[in-house]
Structure formats: C-alpha cells, structure tokens
Amino acid sequence: GKADKIEQIEVVGRTTLTDYFIIATGTSSRHVFGLANNLAQDMKKAGHRVQVAGDTGDGNWIVVDAGDVIVHLFTSEMREIYNIEGNWKKSE
C-alpha cells in the first residue's frame, strides 16, 4: 500500500495487549482508509482474526488489531501529535 515511515516496536513483556506495534503513515486520510482495508483483508485471507478501529471516523488514525501485532495507521499530522513510537521508546 506504499505506507511511509514504517516502524516496528517490540513491546513483549511491557504490555499484555500485544507483542508488536507497527506504525505507518499514509499520505492522506483516504490513503489511510485504503491501507487499513487492504491490510485487514490480507490478514483475514491469511487466517488471522482481525479487528479494525477508527475506520468509521475521519481516517486520521486507524488501528488494525491482529492480536500479536497491532498496526497503527496515521496521517502525518496525527502521527506527530500522538507520537506513539516516542512514548513507547521512552519506556524501554
């Protein structure tokens, strides 16, 4: 889907939610919607249980939860505001 600035953060042992966060940026809210939709479909086809949150909103931040991996898809503005990778790296 040509997401930008893809980053993986291992959070094993620091949270019970997941083992990894993947954070990526879309070029627009429409691009973020497309990335989330394609990712969820591909993961379901591969046999993973997937939940998507934020896909009914404005498309600035969508979360694709596949259990062991949670993918955060942002527009660049929202990614800067929430700074998930910065906050998790501080806690290392």
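**Close-up 1. Glu85, a buried acidic residue in helix 3.** In this predicted model, Glu85 counts as buried, because its relative accessibility is 12%. Glu85 has its place in helix 3, residues 84-90. Leaving aside residues up to four places away in sequence, Glu85 touches Glu7, Ile9, Ile23 and Arg79. With one of these, Arg79, the side chain of Glu85 meets in a salt bridge. The N to O distance is 2.8 Å.

**Close-up 2. The salt bridge between Glu7 and Arg79.** The closest N and O atoms of Glu7 and Arg79 are 3.9 Å apart. That counts as a salt bridge because the cut-off is 4 Å. The pair links distant parts of the chain. Glu7 lies in strand 1 (residues 4-10), while Arg79 belongs to helix 2. The two are 72 residues apart. Glu7 is buried, with a relative accessible area of 19%; the limit for buried is under 20%. Arg79 is also buried, at 8%.

**Close-up 3. Glu7, Arg79 and Glu85 as one network.** The structure holds two salt bridges. One pairs Glu7 with Arg79. Another pairs Arg79 with Glu85. Salt bridges that share partners join Glu7, Arg79 and Glu85 into one network. Side chains of opposite charge can pair when their charged atoms come close.

**Close-up 4. Glu77, an exposed residue of helix 2.** Glu77 is found in helix 2, which covers residues 76-82. Glu77 counts as exposed because its relative accessibility is 52%, and exposed means over 50%. From C-alpha to C-alpha, Glu77 and His48 are 30 Å apart in space. In sequence, 29 residues separate Glu77 and His48.

**Close-up 5. The largest nonpolar core.** This core has 13 residues. Those with the most contacts inside it are Ala36, Met43, Val50, Val64, Val71 and Leu73. Two or more residues each come from strand 2 (20-26), helix 1 (29-45), strand 4 (61-65) and strand 5 (69-75). Helix 1 gives the most, with five residues. Apart from this core lies another, of nine residues. Among its members are Ile9, Val63, Ile70 and Phe74.

**Close-up 6. Val71 and its contacts.** Val71 is among the residues with the most contacts inside the largest nonpolar core. Not counting residues up to four places away in sequence, Val71 touches Ile22, Leu39, Ile62, Val63 and Val64. Of these partners, Val64 stands opposite Val71 in strand 5.

**Close-up 7. Strand 5 and its pairing with strands 2 and 4.** Strand 5 is mostly covered. Six of its seven residues are buried. Strand 2 and strand 5 run parallel, joined by seven bridges. Here Gly26 stands opposite Thr75 in strand 5. Strand 4 and strand 5 run antiparallel, joined by five bridges.

**Close-up 8. The hairpin of strand 4 and strand 5.** Three residues lie between the strands of this hairpin. Gly67 takes a positive phi near 85 degrees. In the paired strands, Val64 stands opposite Val71. Both strand 4 and strand 5 are among the elements that give two or more residues to the largest nonpolar core.

Definitions and conventions:
Residues numbered from 1 in each chain as written. Predicted model: local features only at pLDDT ≥ 70, side-chain atom pairs only at ≥ 80, totals over all residues. Heavy atoms only, no water. Helix = DSSP H or I, 4+ residues; strand = E, 2+ residues; numbered from the N terminus. Buried < 20%, exposed > 50% of the residue type's maximum accessible area, 1.4 Å probe, protein only. Core = buried A, V, L, I, M, F, W, Y, C linked by side-chain atoms within 4.5 Å. Contact = heavy atoms within 4.5 Å. Pairing = 2+ DSSP bridges.
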